[in-house]
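Q: Hello! I would like to learn how to read a structure like this one. Could we go through it together?

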Amino acid sequence: MAGPKAALLLLLCAAAVLLTPATAADDGLTKFKVYWHDVFGGKSPTAIRIAQAASTNSSSTFFGAVVAIDDPLTTTSAVAGSAKSKDEVGRAQGTYTFADQRTIGCLMNMNFVFTAGDYKGSGLTIYGRNEVLTAVREMSIVGGTGQFRMARGYVEARTISNDNGESVVEYTVFVKPAAAA
């Protein structure tokens, strides 16, 4: 009878370990910051409106507009022409759609493609709602490539600057990379 009792005790201990929540120290999250430079004016825009509804121009929230992006990602928040900065570590490529009739809210669908630095050759897929006028916005990381294959996590976006045809947004990335997934 000691055998079945020992097996049951072992099974209960294993279940307790599996059901215990992870602490912040052992959750495997990697945290880093990049700065997203959305250049919508000037000679070399990185954000271009590609579609819009007939009513978009009369909408205070730009509802119905779709914008394609190929925005620089940098390691510093420097503005004023920073899109050509030597600290570029990648590109944010994808689209955002103005999808809210009451406030400026976008559906973000983009990949952070890393071309330099620690994550060169890797990418993150970000998807979610971005209520632009809110101080901190949170969007999901729904996958990745390279070092981030099978990644999950989230980003927090904070607008640093929005003038002279360029928005600079600080993205704090919280990601569980492939090795920890």
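A: Gladly! Let us begin with one residue in this predicted model. Glutamate 88 has a relative accessible area of 24%, and buried means under 20% while exposed means over 50%, so glutamate 88 is partly exposed.

Q: Which side chain does glutamate 88 meet in a salt bridge?
A: Its partner is arginine 91, with 3.3 Å from N to O. Arginine 91 also meets the side chain of aspartate 70 in a salt bridge, at 3.1 Å from N to O. That second pair links distant parts of the chain: aspartate 70 is in strand E3 and arginine 91 in strand E4 (residues 88–98), 21 residues apart. Together, Asp70, Glu88 and Arg91 form a network of salt bridges.

Q: Is arginine 91 buried or exposed?
A: Arginine 91 is buried, because its relative accessible area is 19% and the cut-off for buried is under 20%. Aspartate 70, at 32%, is partly exposed.

Q: How many salt bridges are found in the whole structure?
A: The search finds six. One of them joins lysine 33 and glutamate 170, whose closest N and O atoms are 3.6 Å apart. Here the chain positions are 137 residues apart, with lysine 33 in strand E1 and glutamate 170 in strand E9. Lysine 33 is partly exposed at 41%, whereas glutamate 170 counts as buried at 10%.

Q: How do strands E1 and E9 run relative to each other?
A: They run antiparallel, joined by 10 bridges. As an example, phenylalanine 32 has valine 173 in E9 as its bridge partner. E1 also pairs with strand E3 (residues 66–74), again in the antiparallel sense, over two bridges; there tyrosine 35 stands opposite threonine 74.

Q: Why is strand E1 described as largely enclosed by the rest of the structure?
A: Because seven of its 10 residues are buried.

Q: What does a buried residue in another strand touch?
A: Try phenylalanine 112 in strand E5 (residues 105–114), which is buried with a relative accessible area of 0%. Leaving out residues up to four places away in sequence, its contacts include Val34, Trp36, Leu73, Arg91 and Tyr171. Tryptophan 36 is 76 residues away in sequence, yet the two C-alpha atoms are 9.6 Å apart.

Q: How confident is the predictor?
A: The average pLDDT is 85, and 80% of the residues score at least 70. Over residues 4–25, however, the pLDDT is below 50, and this stretch has zero contacts beyond near neighbours in sequence.

Terms used:
Residues numbered from 1 in each chain as written. Heavy atoms only, no water. Buried < 20%, exposed > 50% of the residue type's maximum accessible area, 1.4 Å probe, protein only. Helix = DSSP H or I, 4+ residues; strand = E, 2+ residues; numbered from the N terminus. Pairing = 2+ DSSP bridges. pLDDT = per-residue confidence, 0-100. Contact = heavy atoms within 4.5 Å. Salt bridge = Lys/Arg side-chain N within 4 Å of Asp/Glu carboxyl O.
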